[in-house]
Structure formats: C-alpha cells, structure tokens
Amino acid sequence: PIRSSDRRKLRQRVLQSFPVLQAEEGDVLVPDGLQLQRFSTHLDEPGVAYLSPEGDPLWFAIGKGSDDLIPTVYTLWKRPDLLPFLSTPAPVVPKLVGGADLMIPGVVQHSPALASDQLVSVTQYHRGAIGPPLAVGTMAVSSDTLRSAEETDVKGKAVYVLHTWKDALWEMGPSKKMDVPAPRELKASEADVSDDEDGDPDGEPNETAEAASKEVDNKQPEAETKLGDASPEAVSSTSTAKLTPEDVSSILRAALLQAISTSLSGLPPSSFPMTASTFWSTYVLPARPAYALGTYGLADSSAIDVKQSTFKNVKTFLKNSAKDGLIKIKETKSDVMVTAVFPKHPDAAGHHSHRTVGDIEAKAKKAVIREKEEREAEEKRKGEFQVAELWQPSGTTVPFFVAAGKDTSGFYNINDIKTITTDYISSHRLINANDQQYINVGSDEALAGAVSVKGKDTPEFMKRDEVLKLVRAHMQAWHQITADGRDIVRKKGEMKPVSVVVKIRQGRKACTLITGFEPFGLEAEEIADELRKICASSTTVTPIHGKPNALEVMVQGKQIKNVTEFLLARGIPKSWVASSDQASGKKK
C-alpha cells in the first residue's frame, strides 16, 4: 500500500501528464487504497506497477527512476480516449497479445499528428466505430510515415508494444475475465472515417490483415480517423493546433527550465562562463519538450527554433531569461557569456520534468545502432552452424508419449518435452491438491513408467522439475547441425563442443590440442595447414587412441586465442568451443 500523500502526488502526475482528464477523474483512475508492486521485465528492466485496491493494475512505469506513467488496458477501458490510437484488423490482435510489435502494413487507420516515441493505444478495426484499446505502446514512426506508406512502400514497425490485453500484467488483475467493451460509435463531430469497400462483411480489410502478418503492401482506407489537436500525451479536439511565435517562446522557456533543473544544475562551477552557442545547442535545444511535436503535428523539432519565437535570436532570449533571474550573463563585444544558472529559482525548482526532444533523438540513435548490430548479428548467424539438441522417445518413455498422443518416432527439443509433459499433467489432473509443486506420479501408470529409475521404487509424489528432468533423461539424445548451403546432419548421441586444450608435452613444451571438430565438417589436415600459417608454429595430426574415426590436431605453443578465432571464423558458434589451459590451470 502507498501513503495518501504519495497517492495525491501520483494523481497530480496523472492529471499533468494527461491534460484531457478532468480533476474529478483523477480519483477514479488513481483511487484511494492504491497499491504499489515492483517488478522486472523479461529483459531485466526494473519497473513499478500501481494497482487498484482490488488488485487490478492501473498504471506502470519501466526503467530505473522513470517518471513516464503508462496506462494499462484496464485504465484505457475506463477512459478509451485517453491516448491517440491506431486500429488494426482482428487477425492481428492475437499476434500483438503473443508479443509482436505492430507493423506499418497492419495499420488501417490512426489519429493524425502522431510523433515518434509518442504513447498510443492500439484498437481492433471496426467499420464506422472505434474498438476498445487492446494494447499500449510507443510510436516507432510519425503519422507522416504512416500516411505515405502506401505511396512509398514503407515497411517496418509502427508501434513498439509495451503491454496488451491478456499479457502477464493483465493477468495480475482479478478482473482479467471481464468482457471486452463494445466499440464506441464515431460521431461526425469526433472523427471522419472512410470505410474500405474491399474489406470483409465485418469491416476488417483482408489485404491489411494479411499484410500485418507477412509485412507486405496493404490497402488503407483513404481517410484516417481524425482526433485532432494533440495535447502533451493525448489528442482530443478536431483540428491540429497552429504553432505561433508565442507558442515557440513558451516551449523554449520550458526547455530552459528543464535544462536548468537537470543537466545544468549538475555542472561544476568550472563549467562557467559558457558561450551562448554552447549553452544553447548543448543544453537548451535538446531539452525541448517532446509533447510539443504531437501537440502541433510536427514531424521533427526544427520548427521549434528561436527564429520562429517572439525573441527572434538567442541573445534576446538569454537577456530576457537573465532579467527573470533564471541565469546570469555577461556581454562582450563578440558574444554573450552565461556565467551562472539558478536551479533554486521558483520557476526552475517548481518545474515538472518532461520527456525531451533529446531523449527521442538519443533513443532513435540507439535504435539505429541496435538495428545495425542486429543486421550484423544476422549476417554472422547466416554463416554459423546451428546446433540443436533433440531427444526421441525410447524405452520407458514410449508408453508415455503414446498416452500423450504424440509421435513416438519424432524428435523433440527441450521446450517441446516440457510442454508435452506439462499438458499431460494438467489434462490428467495429476497436480497434488495440497502442494502444487508436487505431481501425483504414482496415480498414472504411463507417467510413473517414464520417470522410474531402475533398482529404485518410484515415489508416489515428485516435484515437477524432477519429473521433467527424468522424462528427458530416459529419452534417446540426438543432435542436429544445420548451416546455410549444407545438408542437415542429424546423429544419435549427445553433442559435445570442440575441445581446445593447452597441455605440457615433451618435458616443458606447451602445445595446443584440438579435438571434436568432425561434426562441423572440418578436415584435420585443413585445420593443421591453416593454423600452421596463422600461429607460425609447427602442427601435426594424429589419431586419438581408442577412437578410430577421430583425429587430434596439435599446434606448438599456447594458441588458444588464435585457434578459437579460427574456429569461430569457420562458423562454429562460440558456445560450442570449450577451451582450457591445463598448463597453467586456467579454464575458459
């Protein structure tokens, strides 16, 4: 539970972040008895969720120290127009619930004046109506990109989905079985929608649905839903606001207050005096509020410039700010120098921090870098061998797979085995009523046989993890190796990594021994020839005693690094190379 004072602060944050809300709605969306739950995402990002007294999650934030409140689907069903929206066909909804982001070809209609990184909801498309929000996320592109998608064949992601109906966050709430609200009617004064005549009878365009799954061209309706004038986090009226010089001046002042209360306040005194150009470009411009882009339908921040303000130039702006007591300046013949800033000024101290243009640009830069790294990783994976560990039913596990209705000659990975076993336990009601960690093994002949150990009595109850472990252990291990341009190799037995070991031979001489490379199609003589050049050392190839079909390559000296790099360059995954230096006792 959170204190009443913290609840009031949260309520105020909600009202400030979502200006479309009336004051009395704050008590509905941030009720008394609010609870707080900290969590970690599957990517180990810290987060916090705010739950109603009944336990339904209402708001959440992701990221250490993040102030960006995100409404859950529970909250959006109470106030469906809280966020601007994008609509997608019904066949796409299960993909979003399953963890996918919304792709551009899957967008049928959307609010205008959407900016990249803006918080939005995703609804199911209905002809002449707006479906209830089923997901919430941030825009990956602007609405200009969406509008031009049909002409320019733009593809890729439209929304980075953060939370959906029926996901883990939704399932926390006791109201998770509540019915989905009916679509709300689109009034002429609220929106202007043109239906797609090529859609199905329910108004779900078939081409768009197919494109959302395959990321191919779609046929969008000619007109978009228009919810007009965007507020800092939402869009609520019927026309986009016009950006005036007074608006630009107000936005730049907000940027100055943001910079003073954050980045500038942490600078050491030695950072001053600072030239006006550095002060302006490094601190003020990046601090411009991101919500201004959505409010005025701007594709980028270039229009929010001092030349378009009432000040006309940076010098006049700084003089005015110094007159207000926010900064201190010193004029020279050639420039204006900022000599101090005053974070304790009432306006700076009372400033409510906002997401900035700099944050968006930094995130976009990271996205470009991440995309480049993913492309490089994908290219690298194309040349790599893919190793899959598989198991086939055998012995005592065959009757179990027959009872589960599965192919006894098939090959299964570890996740398949877990799913089959878990489904069997659930369908046969084998979970212990007193302790759900335990399975009633003794009450099912097929499962008892699959987990029985020779020479030992099978227990009546067994932990779930132990059941899964024994089922897999009693199956026949196989491994499969695939690579682009090569035939699939599938062999019986457990796969072992390539061994690279440094040992002392012939007294005090260290040498590097390589074994176990045959499954990856490498020839011993080829390895020896290549490593002779790479390591500038002598190499030899000898049979391994007791293994007539296996060879050992020896390289003079401690060559673990060179040998490992050679193997990786040949497409062997790093996880399948095991190295150790037995000459010094070090293992890698």
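This briefing walks through the sheets, a helix contact, the empty spaces and two backbone oddities of this chain. The model is a predicted one, so read everything below as computed from that prediction. A good place to start is the second largest pocket, with about 530 Å³ of space, and the cavities, of which there are two at 30 Å³ or more. Strand S23 is a name to keep in mind: five residues of that pocket's lining come from S23, and S23 also helps line the largest cavity.

**Sheets and strand pairs**

- Toward the start of the numbering, four strands make an open sheet, ordered S1-S2-S3-S4, with antiparallel pairing.
- Its edges are S1 (35-40) and S4 (70-71), each of which pairs on one side only.
- S3 (residues 57-62) is joined to S4 by two bridges, and the two run antiparallel.
- If you want a spot to look at there, tryptophan 59 has proline 71 in S4 as its bridge partner.
- Another open sheet has three strands in the order S15-S18-S19, again with antiparallel pairing.
- Here the edge strands are S15 (386-392) and S19, each pairing on one side only.
- From one strand to the next, the twist in this sheet averages 20 degrees.
- S18 (residues 476-482) and S19 run antiparallel and share four bridges; across that pair, histidine 479 sits opposite lysine 491 in S19.
- S13 (residues 327-331) and S14 (residues 336-341) are an antiparallel pair with five bridges.
- Four residues lie between S13 and S14, and the two strands form a hairpin.
- In that hairpin, glutamate 331 is bridged to valine 336 of S14.
- A handy reminder when you look at any of these: side chains in a regular strand alternate between the two faces of the sheet.

**Two helices in contact**

- H9 (residues 245-261) packs on H10 (residues 276-284) at an angle of about 85 degrees, and their axes are 10 Å apart.
- Angles of 65 to 115 degrees count as roughly perpendicular, so that is how H9 and H10 lie to each other.
- On the H9 side, the contact uses Leu252, Ala255, Leu256 and Ala259; on the H10 side, Phe279, Trp280, Tyr283 and Val284.
- By class, that contact has eight nonpolar residues, with no polar and no charged ones.

**The second largest pocket**

- What lines this pocket? There are 19 lining residues, and those nearest its centre are Lys496, Gly516, Glu518, Pro519 and Lys547.
- S19 (489-492) and S23 (547-556) each give at least two residues to the lining, and the largest share, five residues, is from S23.
- The lining is a mix by class: seven nonpolar, six polar and six charged residues.
- S19 is thus a name you have met before: it adds to this lining and is also an edge strand of the S15-S18-S19 sheet.

**The cavities**

- The largest cavity has a volume of about 40 Å³.
- Its lining is made of Arg505, Gln506, Lys509, Cys511, Met554 and Gln556.
- S21 (509-515) and S23 each supply at least two of those lining residues.
- By class, the lining splits into two nonpolar, two polar and two charged residues.
- The second largest cavity also holds about 40 Å³ of space.
- Eleven residues line it, and Pro80, Phe85, Thr123, Ile130 and Arg184 are the closest to its centre.
- Which strand gives the most to the lining of the second largest cavity? That is S9, with three residues.
- S8 (119-126) and S9 (129-139) each contribute at least two lining residues.
- The lining of the second largest cavity has six nonpolar, three polar and two charged residues.

**Backbone oddities**

- As background, most residues other than glycine have a negative phi, and most peptide bonds are trans.
- Aspartate 117 is not a glycine, yet its phi is positive, at about 80 degrees.
- You will find aspartate 117 in the loop between S7 (109-110) and S8.
- Going from phenylalanine 272 to proline 273, the peptide bond is cis, with omega near 0 degrees.
- Proline 273 is in the loop between H9 and S12 (274-275).

Notes. Residues numbered from 1 in each chain as written. Predicted model: local features only at pLDDT ≥ 70, side-chain atom pairs only at ≥ 80, totals over all residues. Heavy atoms only, no water. 1 Å grid on protein atoms, 1.4 Å probe; cavity = no way out; pocket = protein on both sides within 12 Å on 5 of 7 lines; lining within 4 Å. Points joined across faces, edges and corners; volume = space filled by probe spheres on them. Nonpolar A, V, L, I, M, F, W, Y, C, P; charged D, E, K, R; others polar. Pairing = 2+ DSSP bridges. Axes fitted to C-alpha atoms, helices over the stretch in contact; angles between N-to-C directions. Parallel < 35°, antiparallel > 145°, perpendicular 65-115°, else oblique. Contact = heavy atoms within 4.5 Å.
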